[in-house]
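Open the model in your viewer and keep the selection box handy. We will hop from residue to residue, then step back to take in the whole chain.

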Amino acid sequence: MAKTIVKPNGSEARAGRLEDDRTGMSVETLKHAFTDHLRYTLGKDDESATPLDRYLALAYTIRDRIMRRWFRSQETYYEKDAKRVYYLSAEFLMGRYTMNNIINVELEGKLPEAIKALGMDMDVLLDCEPDAGLGNGGLGRLAACFLDSMAALRLPAYGYGIRYEFGIFEQQIRNGFQVEQPDRWLQYGNPWEIVRPERVTPIYFGGRTEGYTDEHGAHRVRWIPAMSVLAVPYDTPIDGYDNDNANTLRLWAARATKEFDFREFDEGDYLRAVEQKNLSENISKVLYPNDNSVQGRELRLKQQFFFVSASLQDIIRRYVKVHQTFGALSSKVAIQLNDTHPSVAVAELMRLLVDQYKVPWDEAWEQTVAIMGYTNHTLLAEALETWPVDLFGSLLPRHLEIIYEINRRFLEQVKTRFPGDDARVQRMSIIGEHPNKHVRMAHLATVGAHSINGVAALHTELLKRDVLGDFYQMWPERFNNKTNGVTPRRWLLMANPRLADEITRRIGDGWAGDLDRLQKLAPLADDPSFRQALRQIKEANKADFARYIKGTVDVDVDPHSMFDVQIKRLHEYKRQHLNVLHVLARYLRLKRNPSLDVVPRTFIYSGKAAPGYFLAKLIIKLITATAKLVNNDRDVAGRYKVVFLPNYRVSMAEKIFPASDLSEQISTAGKEASGTGNMKFALNGALTIGTLDGANVEIREQVGADNFFLFGLRAEEVLGLTAHGYDPLEPVRNSEELRGVIDLIGSGALSPEDPGLFKPLLDNLLGRDPYLVLRDFDAYVRCQEEVDKAWRDVDGWYRKSAINIAKMGFFSSDRTIRQYAEEIWQIKPVEVVLDKKNTFGP
């Protein structure tokens, strides 16, 4: 029976029913709650409701059951005055929330039953949810996995980022080319978020600074900004698996301080009347605006400071509610910078402490360094952000002054530690001098953080040796490795229910919260019944995915063929073009000998190229042109298919990983920081072909060399080859097969309407080959022949697959976050206990 609550109006029975609908877990209560939301939240009846309306009613029904956890979690964190971690990231690639929340709230049995009883198809409703357009690739998806793990591990945590109105972009393929369209993911609202207008925060830009003397006679600096915008917070609960904790993802949307100039409107200047509103709100319009123009770079810097400043003001506001001084700040606050995008946080925290709260510089700096942790995600120079001093100073004049002072003090330490080494001083300076003065944001983050971590063992070693080698020599104790991981809840329990059920049947439940238990599957690799079960699961998943491919791009694929998959952001170092060269080599073999006995393969690609990245977009065109050539050739029919799936996103990935046989992880050694797609493939039983790059190194160590297809140069070989001069024509001269592929592309056969279309790509390869595609080609082709040989041994293939699954426990994001918590943040789990006296419903 529902508990009665006495309300001022005496509506006891009605109030009791309301609480029951908000929290009850029985099928009947869920049906009633769904119907109430449809009618009274959305204003629809059965006749007028659309599938989207019904999805929204479903989402609100689930959200109700998260709210009590959410409220109680925040109360508990305050009651215990717990140290909290704040994760600052420009991206959070969350995907869809609904099914993940159903699992975490333990509704996966009763809610589908309730929806079915109401005469609806649960899958149809779930498919109405758009992917949240808050990220682009691995950086954002890692942040999402980390939020999931923080909640699962009961860690008091917040995620902070930007509520992008249009996300990255929706990718369409027209005539084989990528075309960017706005991603209108918020078009129909987002039922999981709650706007907090009472927490709106002002953000300032431009202007000038002036010195003054305060009431104690101390010299101070005042920032007099030229413009401001408002940061409006939108909160989304992140509920924990198998516990009652619920953390918060707080995303900031930009709003104008002055929405409308009535005087200008009244005078007939309608555009200028709303100009300031439009300029202000551009800040949170899109993720990563094209920075090929000055305006684009300025907007990027504005975005980064916008969410960093709003977040830090929010963090301090929360701290001062409980504490009177800042002496305990670092014992209550940990901030993790997810790559260089939020690194301006070092200067902004100093500004807030020194200028606004009058904390002495030395004390403020000590607290800042103790609070900040910096995760580096790249070894590529262009991704280590720098800003021209002129641009930075025009937008953030006070912060530039602070950075100069940080740099002055820091370089004094360098000179003391390494006397007479002027070259080192120049290399380590936060301010670069050539070709023009610029702020090195990775250096700022490194100087301002007590912890600098890489995201795979090889990546961290390369950071310490090369990218940040001078800093490692200065502060070796600050550097550490935290190999990335993925959440098993989304990427196995939710994405691959057939495999999840089989694992539970074999080793029991509990593995989704303790992925090391998968090790119990290792002996089953020699069990024929388990290998047969894995084969049946994979074939069923592939049949489902083949239907998805048909419905998406109207290409028929053979689910019994090997699904050879490369899905990731388009970039030259990820070497999608190496993959395509191999496909064309196989195509030419069949053209020369149509009766050749080959392993049937379906080559599957997906991923977005940055709008301003010409060569990456040309590689997409090469893939689609190859698909057109191969898929329409009768000599190849039934043996090879090539598919490019547009608009890669989390919900698509959830279909791809369970259906994949071969995982392509073929980046140039020493260029990929870690990768997490490689982990998701292996967790779902795919085998990897790859280089010793990023986390591939550790995956191979875990699964064993016999269960990983290795090829290509090692990182040290890449370094040696490029340092001593590399002639990209040499591998072409030495490989008849490679020459044939190059000639095919150069002949215009793939682009008869524009024979010279791929000339820039060929010129890049033959003239420079910066990522050693041609050098690794023959080794890659030979390794693919080993893959064919392994595939023909079906039983042996699934033995390898079983071992890959069993050895993936190390790659849980729970392990990664536990290491962050213990070794960097020094925070402890906080158990949230719901007041059982106030549990409503059955």
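Start by selecting Arg818, which sits in helix H35, residues 813-825. Helices here are DSSP runs of H or I with at least four residues, strands are runs of E with at least two, and both are numbered from the N terminus. Arg818 counts as partly exposed because its relative accessibility is 38%. The scale is this: buried means under 20% relative accessible area, exposed means over 50%, and partly exposed lies in between, with a 1.4 Å probe and protein chains only. Now add Tyr212 to the selection: 606 residues separate Tyr212 from Arg818 along the chain, and their C-alpha atoms are 46 Å apart.

A word on what you are looking at: this is a predicted model, in which local features need pLDDT of at least 70, side-chain atom pairs count only at pLDDT 80 or more, and totals for chains, interfaces and linings use all residues. Residues are numbered from 1 along each chain as its sequence is written, and side-chain values use heavy atoms, with hydrogens and water left out.

**Next stop: His438 and the cis bond**

Select His438, in strand E15 (residues 438-440). Is His438 buried or exposed? His438 counts as buried, because its relative accessibility is 13%. Show its surroundings and, leaving aside neighbours within four places in sequence, you will find His438 in contact with Thr386, Trp387, Pro388, Val389, Ile430, Ile431, Gly432 and Glu433. Contact means heavy atoms within 4.5 Å. For a longer view, draw a line from His438 to Thr35: the C-alpha atoms are separated by 58 Å, with the two positions 403 residues apart along the chain.

Then move to Pro435, in the loop between strand E14 (431-432) and E15. Look at the peptide bond that runs from His434 to Pro435: the bond is cis, with omega near 0°.

**Two positive phi angles**

Most residues other than glycine have a negative phi, and most peptide bonds are trans. With that in mind, select Asp81, in the loop between helix H3 (51-79) and strand E1 (84-88). Asp81 is not a glycine, yet its phi is positive, at about 45°. With a relative accessibility of 23%, Asp81 counts as partly exposed.

Asn175 is another one to pick: its phi is near 55°, a positive value in a residue other than glycine. You will find Asn175 in the loop between strand E3 (170-174) and strand E4 (177-181). Asn175 is exposed, with a relative accessible area of 61%.

**From Asn175 to Phe758 and Gln178**

Keep Asn175 selected and add Phe758: the two are 583 residues apart in sequence and 15 Å apart in space, C-alpha to C-alpha. Phe758 belongs to the loop between helix H31 (736-746) and helix H32 (759-767). Its relative accessible area is 1%, so Phe758 is buried. Which residues does Phe758 touch, not counting those up to four places away in sequence? They are Leu618, Lys621, Leu622, Ala625, Ile745, Leu750 and Ser751.

Now select Gln178, which lies in strand E4. Gln178 is buried, with a relative accessible area of 5%. Beyond its neighbours within four places in sequence, Gln178 has contacts that include Phe169, Gln171, Lys608, Ala609, Lys617 and Ile620.

**Step back to the whole chain**

Zoom out and you have 35 helices and 23 strands in view. The C-alpha trace spans about 90 × 80 × 65 Å along its principal axes. Of the 842 residues, 60% count as buried. Among contacts between residues at least 6 apart in sequence, 76% join residues at least 24 apart.

Finally, colour by pLDDT, the predictor's confidence in each residue, from 0 to 100. The chain averages 94, and 95% of the residues score at least 70. Over residues 1-19, however, the pLDDT is below 50. At the other end, residues 837-842 also stay under 50. Where pLDDT is low, the predicted coordinates should not be read in detail.
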